[in-house]
Structures are given as C-alpha cells and as structure tokens.
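Visitor: I'd like a close look at a single part of this one, please. Could you bring it up and walk me through the geometry?

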Amino acid sequence: MAFRPEFSWEFLSRDEITARSLRALRNHVKHLKEVSNYYREVLVDINPMDITSIEDFAKLPLTEKKALAEASEQFKAVSEDEISETVVTSGSTGKPVVFYMTSVDLDRLAFNEALSFHAAGVSSQDRAQIIVSLDRLFIAGMAYYRGLTTLGANTMRIGVLDFDMQKHYLELLKPTVLVGVPSFLKKLGERLSQTGFDTQKSSVEKLVCIGESIREESLELNAVGSGLADMFDAKVFSTYGITELSVAFCECVQQRGNHSHPELVYTEIVDEEGNPVPDGTPGELVGTPLGVEGMPLLRYRTGDITFKLPGTCSCGRNSDRIGPILTRKSQKIKLKGTTLYPLTLTNALDEMDCIEDYALLIDGGESQSDQVTLHVVTPPAMVESIAAHLRARARVSIPILVSNVPTINSYRGDSAKKLKIIDKRTPN
Ligand SMILES: [Zn+2]
C-alpha cells in the first residue's frame, strides 16, 4: 500500500474536520447497529439520523473495558474468513482482550503509523530499528513495522535482544531512528557508554518513545526524556498507541502534544460521569475508532487520563492533540481531598540521581485520602533531600522508607515490568 499523506484530514480546517467527523460518526453508529451483536442491543433505541451534532454524539453510551474483556466475541463484526490477524492486549490492566483484524484493518493500521512517523519527520531516507517485541501477539511492534515500511523507511526488525546484539546491529546497520521503550533505551545507552561506544556520536538522530511518558504535564521533557536526548544527541518523540482503538497519537516536529488522526479516530476527554471536559482539563481519554472492520467500537473508555491541548499546532495540522498520559484512571491518587497524578511523583523522583530504584505503594486509607508510601533505594542521608524535592516539585509530603532492590521487587510480584507504582487498593 502506497503512503498518501494527502488522504489525511489533518491539514483541513477545524470546522471541516468536525463536519467530516460528524458524518463519519453517524455512519459509524449505523454500521455498528448492522454488524455488531453487542451494539445492536446497546443502541436499540438510537436512530443514527438523530445524531445531528457532536453534542448528540456525546450522549451515546460509553463502552467499558470490562464489557469488551468479558464479551469480546459479541464485538466481532466479521466472519471467520475475513479475519487476517489476531492480536491480544497485554492484560497488564485487566483481562487480556482478543482482537480480530481484517486486511483492511491492517492497512488502516499501517496508514495510521505512517502518518505518525511522517509527522515526527521520519521519511523514506531513514533507517529505522524497531527494538520492541514483534511477536507474542502484540499489536505495537507489528504496527510500527507496517507503518515504517508503508512510509518507505528502511525498516529493521531488531526486536528485544541482549545488549551485545543491540550494539552489534547499531554498529553494523547505523540506524537513524530507534523505536523503543524509554527505560529500555536509557539502559541501552548506559550499557553502550560503558563499553566505550560513544552514543552521542552514533548514527541515531531520532528516538520514538513508546509506552512511558517522556514529558511533564507542561510538555517539557522529563528526566528520562531529556536524559535520552542528551545521551544520543537526538530528538525524542513521544507516541501513544492503544490496541483497542487501533491508532497511535504521535508528536509532530513541533512537539506540542500528540496528534490524533481524525479520519481514523474521534477523540473525547470526559470526566468521571462521562461528560466532556474543556480543552486543557485532565480527564479520561475516550476514542471512537473509525473505519475498523473486525471489532468496531463506540466511545471506548481507555482508562488513561490526559488532556487535549487548546488551539491549533504550528505544524499546520488541525487535528486534536493530547498531552502525556498523567495516570491510569484507576491509579489516580486522592491525597487530603485533592487529586494527585502518579506521573507528577515519578517525574520528580526520576530526576534524582541518588535514587537507585523506587516504588510508590498506594493503599486505600480514609474516604478522602489514600496512603502513599515511597520505598526507595538510596543512601539514608539522602532521604531529607528526596522529601524536600517532592515538596518542591510535586507539592506533597509522603512517608519515605529506605529499602533495597530485592524487597521492592518482591512488591512487584512476578511482573516483568519494573513497576514504579504498586497499587494495592481494591479496584472499584
Ligand atoms: Zn503539530
């Protein structure tokens, strides 16, 4: 499939995008009633022709992750012979969901990622190494691969290899772009430096960072993001993708929020009751993917808290932009009556070189306040500095306990991820 960025709606005016979105959403609801067992029931009283404004659309039912996980077959909208690929969500935030994709869905996914990389300035001139898993039924690596090849970049399926092999392929193939998880890229850079490899003089010009925030709420780079930029003397870009929506939101070269692709997804930010919040106000990201054949969804609650950037972007794209993911909805912390986002704490902690490892343990407390304790691997003499830093950067005082790596890992259980937040509250 040839990449035709001119097919994108991104450069149309806001009004034109809204008008097209409304028409697409109306058709989408009509389609759902025809092909989806789940939505045929949920939308039984809805007449698509009554949706005459975005406000009308915002009154339609939301789709919960739980409904999808428990009855995913009910969402399947095509017959077996139309399915080209199966992907499964990681299940790190609940029961894994099985997703069926048709060849049209795969082309749509490729177009989505090609648009994302294109916005970040990646082109057919680039040599791009994908250093995330390309198998294990994950959508991400496959999506990057399809997007980069569609864009015409020289694409290298490195996957997750040990450091020696990563170094070998970096030296042999001289990539200009690395696509990976920030904490892994950071470790890679550190290990490379230890072996005498000058990361600043490497061929790498861009790092496309997935899965973890590299920015503050203000969109400034956080410690991990700026550390990576310095380490590789490269530009770092954030991309956020979600399997259920089959889209990615990626930064453009202006790096003022992650652009959505309006022809592929309609994006909303809602409060706890599901009502829209103004631009700039944090709330839950809700997405309606457009043009999906296999498992189409309506107003899907991602569980991720972020905000829409007000105004338009100086890159000329007029699509919605979202900020960094501030937290999972379930991990929002109530502290003395106010809301605290874990990202604020982790960004502050990641800035401190004296911290070797840490985990924030969250437990339910009284009704208006959760209990947050920082377990940290650091020289005991540094505790007061960490407390002062948290007061200054996150405006909180929380108990700090000096710990060690095995103990913190025991809290993490058998999770392969180096979790920074360990939430022991009962999910509601
Ligand atoms: Zn832009």
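Visitor: Is the crossing of helix 11 and helix 12 left-handed or right-handed? Take your time over that part, and then show me whatever else you have on rings and loops.

Guide: One thing up front: this is a predicted model. As for your question, helix 11 and helix 12 cross in a right-handed way. By class, six nonpolar, two polar and one charged residues make up the contact of helix 11 with helix 12.

Now the numbers for that pair. Two packed helices are described by the angle between their axes and the distance between the axes. Here, helix 11 covers residues 342-350 and helix 12 covers residues 383-394, and they pack at an angle of about 130 degrees with their axes 10 Å apart. Angles over 145 degrees would count as roughly antiparallel, and 65 to 115 as roughly perpendicular; helix 11 and helix 12 are therefore oblique to each other.

Who touches whom? On the helix 11 side you have Thr344, Leu345, Ala348 and Leu349. They meet Ile386, His389, Leu390, Arg393 and Ala394 in helix 12.

On to the rings. The count for this model comes to eight aromatic pairs. One of them is Tyr38 with Tyr39, an edge-to-face pair at 5.0 Å centre to centre, with 90 degrees between the planes. Tyr39 also pairs with Phe75: the ring centres are 5.6 Å apart and the planes sit at 85 degrees, so that pair is edge-to-face. Tyr39 belongs to helix 2 (residues 37-42) and Phe75 to helix 5 (residues 72-75), so the pair ties together parts that are 36 residues apart in sequence. Put together, Tyr38, Tyr39 and Phe75 form one aromatic cluster.

How about accessibility in that cluster? Buried means under 20% relative accessible area. Tyr39 has a relative accessible area of 1%, so Tyr39 is buried. Phe75 counts as buried because its relative accessibility is 0%.

Last stop, a loop. Gly152 is found between helix 7 (140-151) and strand 4 (154-157). With 36% relative accessibility, Gly152 counts as partly exposed. If you want a distance to check on your screen, the C-alpha atoms of Gly152 and Ala114 are separated by 9.0 Å, and these two residues are 38 residues apart along the chain.

Note on methods: Residues numbered from 1 in each chain as written. Predicted model: local features only at pLDDT ≥ 70, side-chain atom pairs only at ≥ 80, totals over all residues. Heavy atoms only, no water. Axes fitted to C-alpha atoms, helices over the stretch in contact; angles between N-to-C directions. Helix = DSSP H or I, 4+ residues; strand = E, 2+ residues; numbered from the N terminus. Parallel < 35°, antiparallel > 145°, perpendicular 65-115°, else oblique. Left-handed = near helix turned anticlockwise from the far one by under 90°. Contact = heavy atoms within 4.5 Å. Nonpolar A, V, L, I, M, F, W, Y, C, P; charged D, E, K, R; others polar. Phe/Tyr/Trp six-rings, centres within 6.5 Å; stacked < 30°, edge-to-face > 60°. Buried < 20%, exposed > 50% of the residue type's maximum accessible area, 1.4 Å probe, protein only.
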